[in-house]
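Good morning, and thank you for coming. I would like to take you through one structure this morning, beginning with the whole chain and then turning to particular residues.

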Amino acid sequence: MNYGRHIPLSILVLLIGVMVALVGASFAINLAPSPYTGSVVATIAILVFLAATGFIFWIVRELEHSEEWLRVVVESAHDGIITTDGYGFIERINTSTVSMFGYRPGKLVGEHVSALLSSAHGERGDSEDFVAYLEREGMGELGVPHEVSGLRLDGQRFHMDMSIAHARLGEEDMFIIMVRDVTERVGAQRVLQEARDQLEHRVRERTAALEESNSQLASEVSQRKTLIEQLQQALTELKTLNGLLPICASCKKIRDDKGYWNQIEVYIRDHSDAEFSHGICPGCIEELYPELSRPLNET
């Protein structure tokens, strides 16, 4: 209802009520047996008609306010709002719907909702129930947003969310459709998913490289550990003497770090794991004990 182009319904009700009250009062005066009785009846009739008219005027005015409030809300909504009959034919749309799909105001009225969808399957019959059509299109669950492909007047396709609610007005079915352009959101999600996939791929590659490096490092550590154990085992089995050893040219004693002269066997025993057992060689027997060397030589 456009309040700038015709008289509001509430004003019409008020004017009609006043006219009916005056006409009723006129009939009451003309039909009354006396002028006094006619005046009383006319006054009562006028009061009754005015009271009824005032009540009806108040109800209609409240309805007009509600309709105006609803119209402002619908027209100012960012989402597209479409109402259809029980077969899916468009009855009303708001400004956002016109802007979203690129149609002229009023052009979509009378068209089927399928004209706004690029994913419509098969032929649609004029007598097909709208619920059956929605189920065929995979949108049978009412009140739940469905991501569908929208179709603009110029043939451009775009991503949109469509939510459908059902209402019953007397014997007639009415469907309220909310549509929202989510092309930017879908594009952002796609870019985010691609970035996430790339990151996961790099993480998998890096993880594999680290696992291989850790495996090589563990192998090297194991080899070094084995080598260290072997060296420790060798050290426990063998002690070596190194450096310059001061030794007497005559008695063969060795001087230690403290300046003391030690028998060679004592020094070696203290600085290694070697143990000595004493004996005498044949040359020393012949030199020191010649009497013992002859029997040995003779034998």
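What follows is a short tour of the chain, one strand pairing, the salt bridges, a pocket and a surface patch.

Please keep in mind throughout that this is a predicted model. The protein chain has 299 residues, and 22% of them count as buried. Its secondary structure consists of 8 helices and 7 strands. The chain exposes about 21,600 Å², of which carbon and sulfur atoms supply 59%. As for how the chain folds back on itself, consider the contacts between residues at least 6 apart in sequence: 41% of these join residues at least 24 apart.

Let me illustrate such long-range relations with strand β5, which spans residues 172-181. I begin with Ile177, which is found in this strand. Is Ile177 buried or exposed? Its relative accessible area is 0%, so Ile177 counts as buried, the limit being under 20%. Which residues is Ile177 in contact with, once its neighbours within four places in sequence are left aside? The list comprises Gly80, Ile81, Ile82, Thr84, Val113, Phe130, Met162, Ser163 and Ile164. For one of these, Ile82, the C-alpha to C-alpha distance from Ile177 is 5.0 Å, although 95 residues separate the two in sequence.

Strand β1, residues 80-84, also contains Thr83. Thr83 is buried as well, with a relative accessible area of 14%. Setting aside residues up to four places away in sequence, Thr83 touches Phe89, Ile90, Glu91 and Arg92, and also Met174, Phe175 and Ile176.

At the start of β5, the picture changes. Glu172 belongs to this strand, yet Glu172 is exposed, at 55% relative accessible area. The C-alpha atom of Glu172 is separated by 7.6 Å from that of Asp85, and the two residues are 87 apart along the chain.

I turn now to charged side chains. How many salt bridges does the structure hold? There are 6. I shall describe three of them.

The first to consider is formed by Asp79 and Arg180, whose closest N and O atoms are 2.8 Å apart. This pair links distant parts of the chain, since Asp79 lies in the loop between α2 (35-76) and β1, whereas Arg180 lies in strand β5, 101 residues apart. The two partners also differ in their surroundings: Asp79 is buried, with a relative accessible area of 15%, while Arg180 is partly exposed, at 43%.

The other two bridges share Arg168. Arg168 meets Glu171 in a salt bridge at 3.9 Å, N to O, and Arg168 meets Asp173 in another at 2.5 Å, N to O. What is the accessibility of these three residues? Glu171 is exposed, with a relative accessible area of 67%. Arg168 is partly exposed, at 47%. Asp173 also counts as partly exposed, at 26% relative accessibility. In addition, Glu147, Asp161 and Arg185 are joined into one network by salt bridges that share partners.

The bridge between Asp79 and Arg180 leads us to the second largest pocket, because both residues belong to its lining, as the lining residues have an atom within 4 Å of a pocket point. The other lining residues are His78, Ser96, Ser99, Met100 and Asp181. About 160 Å³ of space lies in this pocket. Which elements supply at least two residues each to the lining? They are α3 (95-101) and β5. Of the elements involved, α3 gives the most, with 3 residues.

Finally, I draw your attention to the surface. Ile280, Leu288 and Tyr289 make a nonpolar surface patch of about 300 Å². Of this group, Ile280 is placed in the loop between α6 (264-270) and α7 (282-288). Ile280 counts as partly exposed, at 45% relative accessibility.

To summarise, two places deserve a second look on the screen. One is strand β5, where Ile177 is buried and Glu172 is exposed. The other is the pair Asp79 and Arg180, which form a salt bridge and help to line the second largest pocket. Thank you for your attention.

Technical notes
Residues are numbered from 1 along each chain as its sequence is written. This is a predicted model: local features need pLDDT of at least 70, side-chain atom pairs count only at pLDDT 80 or more; totals for chains, interfaces and linings use all residues. Side-chain values use heavy atoms; hydrogens and water are left out. A salt bridge is a side-chain nitrogen of Lys or Arg within 4 Å of a carboxyl oxygen of Asp or Glu. Helices (H or I, at least four residues) and strands (E, at least two) are DSSP runs, numbered from the N terminus. Buried means under 20% relative accessible area, exposed over 50%, partly exposed in between (1.4 Å probe, protein chains only). Contact means heavy atoms within 4.5 Å. Patches are made of residues with over 30% relative accessible area and no salt bridge: like charges are joined within 9 Å, nonpolar side chains (Val, Leu, Ile, Met, Phe, Trp, Tyr) within 5 Å. Accessible areas come from the Shrake-Rupley method with a 1.4 Å probe; for residues, only the protein chains shown count as cover. On a 1 Å grid over the protein atoms alone, a cavity is a set of points where a 1.4 Å probe fits but cannot get out, and a pocket is an open set with protein on both sides within 12 Å along at least five of seven lines; lining residues have an atom within 4 Å of a point. Grid points are joined across faces, edges and corners, and a volume is the space filled by probe spheres set on the points.
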